[in-house]
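Biologist: I would like a close look at one part of this model, the ligand site. Please take me through it slowly, and then through the backbone details you would check by eye.

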Amino acid sequence: MFDKILIANRGEIALRVLRACKELGIATVAVHSTADAEAMHVRLADESVCIGPPPSKDSYLNIPALLAACEITGADAVHPGYGFLSENARFAEILAEHNLGFIGPKAEHIRLMGDKIEAKRTARHLGIPVVPGSEGAIDNIDEAMKVAEAIGFPVLVKAAAGGGGRGMKVAQTADDLALAISTAGNEAKSAFGDASVYLEKYLQKPRHIEIQILGDGRGGAIHLGERDCSLQRRHQKVWEEGPSPVLTAEARTRIGETCAKAMREMQYLGVGTIEFLYEDGEFYFIEMNTRIQVEHPVTEAITGIDLVLEQIRVANGGDLPATQDQITISGHAIECRINAENPETFRPSPGKILRYHPPGGLGVRIDSAVYQGYTIPPYYDSLVGKLIVHGKTRAECLMRLRRALDEIVVDGIETTLPLFRALVRDHDIIDGDYHIHWLEQYLAGGDR
Ligand code: ADP
């Protein structure tokens with residue numbers, strides 16, 4: 001097993017990885033920017049190294065500084081968390097060149113899935129159903145028009161290098177197509193340095209359903225059920241739950257098996273998520289994330305499997321924790337992403353947390369790196385913490401969530417807690433009756 005893991009991340013996920021390492025008896029190295037000297041992950045790690053000034057590109061994305069930190073501390077593997085370098089294939093290769101382990105998939109698979117056009121092509125070859133759209137990148141408007149007419153408007157223009165909802169534009173009619181292509185292309189060029197775009201049918205009221213998978217890199221892979229992440233704002237997930245309120249056990253097994261089989265064929269290593277849109281009983285692949293996801297605790301709650309710990313074990317050549325038959329989905333879990341933002345305008349609200357009281361009790365989990373007196377710096381994402389609640393049924397889970405949301409106190413900054421307190425009492429949410437546009441329509445006060 002690895003002796004010492006360097007955690008190339010910050011915030012709640014750095015803490016999450018640290019916890020798994022402690023349980024496995026592995027020493028930990030935290031890295032931090034000068035803005036994070038007082039952060040919880042730094043306090044709890046066995047050792048810490050300052051790797052640069054506040055901007056991410058000079059610290060958490062600074063590969064030479066991370067290599068130096070490994071060298072100084074004698075770390076033998078790196079856990080990238082999510083975001084930052086977690087889906088950077090070159091980083092995985094550089095670590096290998098320095099005889100350091102990367103706790104994540106093989107570089108070739110990160111690269112393949114990082115290009116959404118290639119990912120879709122691979123998914124199709126592996127028998128995974130995809131959204132109807134262009135075969136590859138769109139080269140000119142005539143070609144785009146032909147594809148759009150064949151699949152029917154509205155269509156979605158998406159960036160091959162896209163992520164975080166950027167580089168995506170809807171064309172309602174043929175008149176909008178040229179503008180959507182140039183806007184999405186420009187946005188992608190400036191955000192990702194790659195302007196290639198492709199077309200997809202724009203689905204009207206789908207749900208976002210994703211399958212968690214885990215592979216041993218030698219042809220063994222299992223799926224751990226789904227998460228429903230349909231409640232989104234600007235294509236960013238806000239509330240995630242599992243199982244999905246609309247999926248039957250038969251549909252779950254069918255799509256889960258398709259995904260696990262594809263991962264066995266690829267000899268995929270580590271955790272991964274295969275994301276689908278789901279409409280009228282059909283699944284449509286949109287992308288694969290080759291890392292641990294923010295919402296992984298939902299799956300941990302309903303399967304009892306520690307995904308980060310197993311991710312470390314398989315990265316070290318270990319076996320899968322269970323066979324597919326041994327995986328059972330028990331009860332229901334919901335995660336709320338609590339952000340330091342105004343709950344109406346969503347303007348970031350960094351600053352000092354004057355009072356903090358996390359909720360507790362049966363079935364309640366908080367994954368957060370904040371504490372009373374901690375100042376949320378303005379340089380990074382605005383996640384204060386994740387509240388994950390588990391119950392025997394969805395109704396029990398909602399009941400507990402309502403109670404936990406009323407109990408939690410985060411004072412001194414604005415947070416999205418009031419939004420969750422309203423959502424958990426909304427009839428559509430209680431009925432599980434929502435889709436990917438529901439939240440934006442709710443926030444706009446319009447028809448859902
Ligand atoms: P990103 O990598 O930027 O997160 P995704 O491809 O995962 O992009 O899509 C993010 C979200 O955008 C989805 O969860 C869904 O809400 C919306 N979306 C993506 N593709 C489509 C589509 N074809 N039709 C309708 N909505 C879509």
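**The ligand site and its surroundings**

Modeller: Happy to! To set the scene, the centres of domain 1 and domain 2, taken over C-alpha atoms, are 36 Å apart. The domain assignment (automatic or from a database) gives domain 1 as 4-103, domain 2 as 132-201 and domain 3 as 207-444. Please keep in mind that this is a predicted model, in which local features need pLDDT of at least 70 and side-chain atom pairs count only at pLDDT 80 or more, while totals for chains, interfaces and linings use all residues. Residues are numbered from 1 along each chain as its sequence is written, and side-chain values use heavy atoms, with hydrogens and water left out.

Now to the ligand. Both domain 2 and domain 3 give residues to the shell around the ligand, so it lies between them. There are 20 residues around the ligand (each with a heavy atom within 4 Å of it), and Gly165, Lys201, His208, Gln232 and Glu287 come nearest. By class, the shell has eight nonpolar, six polar and six charged residues; here Ala, Val, Leu, Ile, Met, Phe, Trp, Tyr, Cys and Pro count as nonpolar, Asp, Glu, Lys and Arg as charged, and the others, Gly among them, as polar.

Strands matter for this shell too. Strand 6, strand 8 (197-201), strand 12 (269-279) and strand 13 (282-289) each supply at least two of its residues, and strand 6 gives the most, with three. In this numbering, helices (H or I, at least four residues) and strands (E, at least two) are DSSP runs, counted from the N terminus.

Three spots are worth zooming in on. A backbone N or O atom of Gly165 sits 2.5 Å from an oxygen atom of the ligand. For Lys201, a backbone N or O atom is 2.8 Å from a ligand nitrogen atom. His208 uses a polar side-chain atom, 2.8 Å from an oxygen atom of the ligand. The protein buries 96% of the 560 Å² that the ligand exposes when taken alone (Shrake-Rupley areas with a 1.4 Å probe; for residues, only the protein chains shown count as cover).

His208 also leads us to Asp228 in strand 10. Asp228 touches His208 (heavy atoms within 4.5 Å), and its other partners include Arg207, Trp239, Ser244 and Tyr434. At 0% relative accessibility Asp228 counts as buried (under 20% relative accessible area; exposed is over 50% and partly exposed in between, with a 1.4 Å probe and protein chains only). The side chains of Asp228 and Ser244 share a polar contact of 2.8 Å (a pair of N or O atoms within 3.5 Å; within protein, one must be able to donate a hydrogen and the other to accept it, and residues adjacent in sequence count only if both atoms are side-chain atoms).

As for the backbone, a cis peptide bond joins Gly242 and Pro243, with omega about -5°; Pro243 is in the loop between strand 11 (236-242) and helix 9 (249-266). Another cis peptide bond, between Phe153 and Pro154, has omega about -5°, and Pro154 lies in the loop between helix 7 (141-151) and strand 6 (155-163).

Finally, Arg234 has a positive phi of about 50° although it is not a glycine. Arg234 is in the loop between strand 10 (221-233) and strand 11, and counts as exposed at 58% relative accessibility.

Key:
Lists of a residue's contacts leave out its neighbours within four places in sequence.
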